[in-house]
Amino acid sequence: MSSLALDKLGESPATVLRLFSAVGSAAVFGLLVAPATGAAYWPAAFAWAFGFGFFFVGGTGYRILIAVAARTPSLTTSASWSGATAASALAALMAALVLLARGDDASLVLASYAAAINFAYIPVKFACIQAGCCHAHHGKMPLTGNHDLRRVEITLSALFVAISLYAIWTGAFGRAAVFGLAGHLAVRLFSRSARDRLPGTSSTGRLTGQELPALTLALACSLALALAQIPALPKPAVANPPPGLPDQTAIST
């Protein structure tokens with residue numbers, strides 16, 4: 001069995017890239033979010049990484065699971081980025097809400113997820129290039145010209161990874177989550193628009209765009225947490241009245 005798996009990986013560089021996307025993004029998430037609970041770093045990092053990987057891989061293969069459960073091989077059984085993103089985003093959001101209910105800072109969870117999901121998208125798009133899939137339907141798109149859409153997605157994702165990591169490094173967890181999640185949501189909207197795959201436009205009747213509401217919910221929570229962390233403006237100081245003059249605040253009508 002293991003030799004067959006290794007042979008399959010050797011024959012398909014795209015499969016290796018997709019595997020690296022899942023394992024690498026889980027590692028990124030675990031290493032970044034480990035301090036969130038105050039537990040021992042390495043056990044916490046492993047536990048968080050395992051949780052991320054469970055939902056990410058489970059969401060990726062939900063179409064395959066449906067086809068197997070329904071015993072209908074005619075169903076499309078391709079891996080699903082939408083499922084991976086939706087499942088992992090909702091899991092990260094629930095974890096953040098649990099920490100928030102405990103009185104802990106939940107922003108680091110969403111910031112770490114933002115960095116991880118953008119990181120995961122990069123090898124996935126390289127896998128698309130390797131496999132020759134996911135071409136844009138439009139020959140020329142606004143802002144991208146004649147550039148390969150997949151390379152544009154890779155560049156933007158790398159940019160949002162860098163922004164998220166820098167913000168996390170400076171301690172601005174709220175801004176890291178907002179910019180990272182907003183960036184990936186924008187990339188997915190742009191990608192679906194260019195490929196005529198926005199929700200409601202599928203001619204097959206298949207549910208599409210599951211990741212969009214999940215990312216929107218996570219982004220809304222991140223924005224609320226970021227706004228809550230903004231300190232209130234100080235009230236203007238009231239000058240003391242000059243000597244010899246009555247205090248106007250003490251005069252009653």
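**Close-up views of an all-helix model**

**Figure 1. Helix α3 has the length expected of its residue count.** Helix α3 covers residues 41–60, 20 residues in total. At 1.5 Å a residue, these should span 28 Å. The C-alpha atoms at the two ends are 28 Å apart, so expectation and model agree. The model is a predicted one.

**Figure 2. The buried residues of α3 share one side of the helix.** Eight names make up the buried set: Ala44, Ala45, Trp48, Ala49, Phe52, Gly53, Phe56 and Gly59. Around the axis they cover an arc of only 160 degrees, which is why they fall on the same side of α3. Which residues sit on the face turned away from the buried side? That face carries Pro43, Phe46, Phe50 and Phe54, which are exposed. Phenylalanine thus appears in both sets: Phe52 and Phe56 are buried, whereas Phe46, Phe50 and Phe54 are exposed.

**Figure 3. Helices α6 and α9 cross obliquely.** Two packed helices are described by the angle between their axes and the distance between the axes. Helix α6 spans residues 107–131 and helix α9 spans residues 211–228. Their axes come within 10 Å. They cross at roughly 135 degrees. An angle over 145 degrees would count as roughly antiparallel, and 65 to 115 as roughly perpendicular. The pair is therefore oblique. The crossing of α6 and α9 is left-handed. On the α6 side, Ser107, Leu110 and Tyr113 make the contact. On the α9 side, the partners are Leu215, Ala218, Cys221, Ser222 and Leu225.

**Figure 4. Ala226 is a buried residue of helix α9.** Is Ala226 buried or exposed? Its relative accessibility is 15%. Buried means under 20%, so Ala226 counts as buried. What does Ala226 touch, leaving aside neighbours within four places in sequence? It is in contact with Gly174 and Val178. Ala176 is 50 residues from Ala226 along the chain. The C-alpha atoms of Ala226 and Ala176 are separated by 9.3 Å.

**Figure 5. The whole protein has 9 helices and 0 strands.** Read along the sequence, the pattern is α-α-α-α-α-α-α-α-α. The protein has 253 residues, and buried residues make up 40% of them. How far apart in sequence are the residues that contacts join? Among contacts between residues at least 6 apart, 69% join residues at least 24 apart.

Technical notes:
Residues numbered from 1 in each chain as written. Predicted model: local features only at pLDDT ≥ 70, side-chain atom pairs only at ≥ 80, totals over all residues. Heavy atoms only, no water. Helix = DSSP H or I, 4+ residues; strand = E, 2+ residues; numbered from the N terminus. Expected span 1.5 Å × (residues − 1). Buried < 20%, exposed > 50% of the residue type's maximum accessible area, 1.4 Å probe, protein only. Arc of directions from axis to C-beta. Axes fitted to C-alpha atoms, helices over the stretch in contact; angles between N-to-C directions. Parallel < 35°, antiparallel > 145°, perpendicular 65-115°, else oblique. Left-handed = near helix turned anticlockwise from the far one by under 90°. Contact = heavy atoms within 4.5 Å.
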